[in-house]
Amino acid sequence: MNDIRIIGFDADDTLWVNQSYFDEAEFRFRELLSEYIPYESVAEELLKVEIRNMDLLGFGVKAFTLSMVEAALSISENKISQDALFEIVQLGKGIMQKPVELLDGVQDVLSKLSGRYKLVVVTKGDLLDQERKLRRSSLEHYFHHVEIVSDKQSDDYRKLLRQLDCRPENFLMIGNSMKSDIVPVIELGAYAAYVPFHTTWAHETTDKKIISPNLIRIDKITEILPYLK
């Protein structure tokens with residue numbers, strides 16, 4: 001990877017904790033709806049609603065909250081109480097009020113790579129929420145560019161590389177989602193480093209097997225440093 005000039009970082013669950021907060025909210029949501037259908041089935045119904053709403057609502061905590069409300073009404077056949085609906089809305093707001101907890105090694109990696117490479121954030125989700133988290137993270141000064149996109153497909157990365165005037169072979173993406181951070185980047189001929197988080201949203205999983213000399217698999221973000229000497 002001697003020709004890398006620009007390094008992209010996913011934000012949620014790569015730079016800071018995110019999915020764990022969604023999981024906590026979903027556990028409580030499942031408890032609230034378990035009087036209507038089996039506890040295990042609530043998550044399946046919620047995911048169906050989330051996927052159905054993606055084209056309209058996109059990704060992020062606001063989309064998640066609206067999908068929880070819609071799923072609750074559907075599952076309960078409109079019988080859910082106002083108090084329960086209020087609690088569901090508060091679950092969504094609670095996610096946005098969580099502190100920004102940096103993952104181990106992130107600050108060290110950014111400080112060592114900053115100045116040697118152009119560092120960019122490439123993340124999807126709600127614009128205001130992502131901007132808030134980046135601001136509260138105190139990491140913003142490390143980044144040359146911040147890109148908050150509605151999705152992360154190959155075309156989205158292609159547009160970003162054009163904007164950055166960067167060829168694929170000069171770009172490395174680091175992220176925890178094989179589906180969003182790794183597969184589309186490898187398809188473009190760029191480099192990618194997969195650093196899994198301990199929990200992943202069901203929609204971000206993929207069965208696609210990637211075997212490529214451009215793919216690095218690491219257990220923690222600090223393990224990328226020896227590749228970038």
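Which strands does helix α6 lie across? Select residues 127-137 to find out: this is helix α6, and the strands beneath your selection are β2 and β3, with the helix running at about 150 degrees to β3. Helices (H or I, at least four residues) and strands (E, at least two) are DSSP runs, numbered from the N terminus. Axes are lines fitted to C-alpha atoms, for helices over the stretch in contact, and angles run from 0 to 180 degrees between N-to-C directions. Contact means heavy atoms within 4.5 Å.

Before moving on, remember that this is a predicted model, where local features need pLDDT of at least 70 and side-chain atom pairs pLDDT 80 or more, while totals for chains, interfaces and linings use all residues. Residues are numbered from 1 along each chain as its sequence is written, and side-chain values use heavy atoms, without hydrogens or water.

**The sheet**

Now show the strands. Six of them form an open sheet in the order β3-β2-β1-β4-β5-β6, with parallel pairing. Two strands pair if DSSP finds at least two bridges between them. The edges are β3 (145-149) and β6 (215-217); each has a single partner strand, so one side of each is left without a neighbour in the sheet. From one strand to the next, the twist averages 20 degrees.

Go to β5 (residues 191-194), which pairs with β6 in the parallel sense over three bridges. Click on Tyr-194 and look for its bridge partner in β6, Arg-217.

Next, select residues 106-113. This is helix α5, lying across β1 (6-9) and β2 (118-124) and running at about 160 degrees to β1.

**A residue in a loop**

Select Asn-18, in the loop between β1 and α1 (19-33). Is Asn-18 buried or exposed? Its relative accessibility is 9%, so Asn-18 counts as buried (buried means under 20% relative accessible area, exposed over 50%, partly exposed in between; 1.4 Å probe, protein chains only). Leaving aside neighbours within four places in sequence, Asn-18 touches Asp-12, Asp-13 and Lys-133.

**A cavity**

Asn-18 also helps line the second largest cavity, and other lining residues include Tyr-21, Ile-95, Asp-129 and Lys-133. On a 1 Å grid over the protein atoms alone, a cavity is a set of points where a 1.4 Å probe fits but cannot get out; lining residues have an atom within 4 Å of a point. This cavity has a volume of about 60 Å³, where volume is the space filled by probe spheres set on the points, joined across faces, edges and corners. Finish back at α6, which gives the most to this lining, with three residues.

Key:
1 Å grid on protein atoms, 1.4 Å probe; cavity = no way out; pocket = protein on both sides within 12 Å on 5 of 7 lines; lining within 4 Å.
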